[in-house]
Every structure is written in C-alpha cells, then in structure tokens.
Amino acid sequence: DNYAIIDFQGFVECVDIIGGIELEVDERMYKPSENIDLQPGLQTLNGEQALGFVRYRGYVNGDLGRIEHQQYFISQLADQVLTLSNLTKLPALIQVAKEYLTTDMKLTDIISIATYMIQMDMTDVQTYTVPCEAKWMQYGGVWASFVFIQEEQFNAMLREITDGELEFTTHVLDDGGKARYS
C-alpha cells in the first residue's frame, strides 16, 4: 500500500555506492542511443551499465525479456546488497535516497523493511510474471511490444499464489488494439 520511486540518477548512484553489481549478462545488449553497450558474460556492472541492463528492450520476446532481466537483477541485488557487510554504506545510500527517492513511507518504516530483508533467506523469495504471450506488432507506424494475457493460466497462477484462500474474479480488458493500459 506504499510506493517508492527512484529516478535514474539515484539508481546509478546507489549501484555505484555498493561497488557495482555482479551478474551474468546472457546476451549482447547494444543500443547506443540509450548508452547501452554490454557484452555477454559474468561481470560487475557499474551504475550506468546496470541501468542499461534493466532498461534494455531488444529481446525477441519484447517486454517479457525485459521483465525477466529486471527480476534477475533484483535477485542479484538482494543477494549482494542485503548483507551485514554493506551496513557501512547505509549513510551514503540514505543521502542518495533523500535526494532521488520519492515515497510515502516514513524513514523508520524503510529501515524496518531493510532490517527485515537483511535477515531474509533470498532463496525463499518467489517472483511471478503474468502468463502471457508477447508479440511485436506495428502500431502507429512503429514496431511495438504487445503483451496478451492468458486468462486461464493467470487464474491458475493466482490460485497457486493464494493457496486457494482468496476468492477473485479476473477481468482482462481488451482495448481493441489502441495500446491503452487499464
């Protein structure tokens, strides 16, 4: 029920403060217009490179590939950052947060969440992606990535996540191809 938004510069500075993030770049990522130029392989990305990694969209499966890479980044970030050894970097991270973070949470709540996460076993964290099919299609004279939700599989996933304890009805909205979000 809360939100936290960090802008690109804050993201870059946070990654740089922690000394970069080590991860496996699984394919060539190249888009010079967005300052993205990554080679495949295990490497430690600085803030600018990490931003390119999470923003890159040139996957065959469009935005789904981007979502998968963002989830991978978050898991690697959590594994590498949420450690007691990084507590010494907390004051610098708080300074960046003050400048670049917009949130409705109190500082005490943020510290409480961070403390809880440090104690978590990140191997127990599960991520889900709405079952869907990604397609590249022309829209307004340009190619765009569209995502089509598979409603039956989506309902099955929700039942699995909630252990069948919540009753729900899903409503997948079709906008007639106008590329609006609902």
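Helices here are DSSP runs of H or I with at least four residues, numbered from the N terminus. By that count, Gln76 belongs to helix α3, residues 63-81. The model is a predicted one.

**Gln76 in helix α3**

Gln76 has a relative accessibility of 18%. Buried means under 20%, so Gln76 counts as buried. Which residues does Gln76 contact, once neighbours within four places in sequence are left aside? They are Ile21, Glu22 and Leu23.

**Overall build**

The protein has six helices and eight strands. Along the sequence they follow the pattern β-α-β-β-β-β-α-α-α-β-α-β-β-α. The C-alpha trace spans about 50 × 45 × 30 Å along its principal axes.

The protein has 182 residues, and buried ones make up 26% of them. Its exposed surface comes to about 12,500 Å². Carbon and sulfur atoms supply 54% of that area.

Consider the contacts between residues at least 6 apart in sequence. Of these, 53% join residues at least 24 apart.

The charge count is 12 positive and 28 negative side chains. The centres of the two sets are separated by 8 Å.

**Strand β2 and its contacts**

Glu24 sits in strand β2, residues 21-25. Is Glu24 buried, partly exposed or exposed? Its relative accessible area is 38%, so Glu24 is partly exposed.

Glu24 is in contact with Gly41, Leu42, Phe53 and Tyr72, leaving aside neighbours within four places in sequence. Leu45 is 21 residues from Glu24 in sequence. Their C-alpha atoms are 9.7 Å apart in space.

**Aromatic pairs**

Two of the residues that Glu24 contacts, Phe53 and Tyr72, also pair through their rings. How many aromatic pairs are there? The count comes to four. One of them is Phe53 with Tyr72, with ring centres 6.3 Å apart and planes at 55 degrees. Planes under 30 degrees apart count as stacked and those over 60 as edge-to-face. The angle of 55 degrees falls under neither heading, so the Phe53 and Tyr72 pair is tilted.

Phe53 lies in helix α2, residues 47-55, and Tyr72 in helix α3. The pair therefore ties together parts that are 19 residues apart in sequence. Phe53 has 1% relative accessibility, so Phe53 counts as buried. Tyr72 has a relative accessible area of 26% and is partly exposed.

Tyr56 and Tyr59 form another aromatic pair, and this pair is edge-to-face. Their centres are 5.1 Å apart, with 90 degrees between the planes. Tyr56 and Tyr59 are both buried.

A charge also meets a ring. The charged end of Lys135 sits over the ring of Phe148. The distance from that charged end to the ring centre is 5.6 Å.

**Asparagine and aspartate positions**

Two residues that are not glycine have a positive phi. The table gives their values.

| Residue | Phi | Relative accessibility | Place |
|---|---|---|---|
| Asn35 | about 60 degrees | 58% | loop between β3 (29-31) and β4 (36-38) |
| Asp163 | about 55 degrees | 60% | segment after α6 (151-161) |

Exposed means over 50% relative accessible area. At 58%, Asn35 therefore counts as exposed. At 60%, Asp163 is exposed too.

Where does Asn46 lie? Asn46 is in the loop between β5 (41-45) and α2. With a relative accessible area of 35%, Asn46 is partly exposed.

Asn46 and Val15 are 31 residues apart along the chain. Their C-alpha atoms are separated by 6.4 Å. Asn46 touches Val15 and Asp16, not counting residues up to four places away in sequence.

**Drawing the parts together**

Helix α3 holds Gln76 and also Tyr72. Gln76 contacts Ile21, Glu22 and Leu23, while Tyr72 is in contact with Glu24 of strand β2. Phe53 of helix α2 is another contact of Glu24.

Definitions and conventions:
Residues are numbered from 1 along each chain as its sequence is written. This is a predicted model: local features need pLDDT of at least 70, side-chain atom pairs count only at pLDDT 80 or more; totals for chains, interfaces and linings use all residues. Side-chain values use heavy atoms; hydrogens and water are left out. Helices (H or I, at least four residues) and strands (E, at least two) are DSSP runs, numbered from the N terminus. Buried means under 20% relative accessible area, exposed over 50%, partly exposed in between (1.4 Å probe, protein chains only). Contact means heavy atoms within 4.5 Å. Rings of Phe, Tyr and Trp (its six-membered ring) pair if their centres lie within 6.5 Å; planes under 30 degrees apart count as stacked, over 60 as edge-to-face and the rest as tilted. A charge sits over a ring if NZ of Lys or CZ of Arg is within 6 Å of the ring centre and within 35 degrees of the ring normal. Accessible areas come from the Shrake-Rupley method with a 1.4 Å probe; for residues, only the protein chains shown count as cover. Lys and Arg count as positive and Asp and Glu as negative; His and the chain ends are not counted. The place of a charge is taken as NZ of Lys, CZ of Arg, CG of Asp or CD of Glu.
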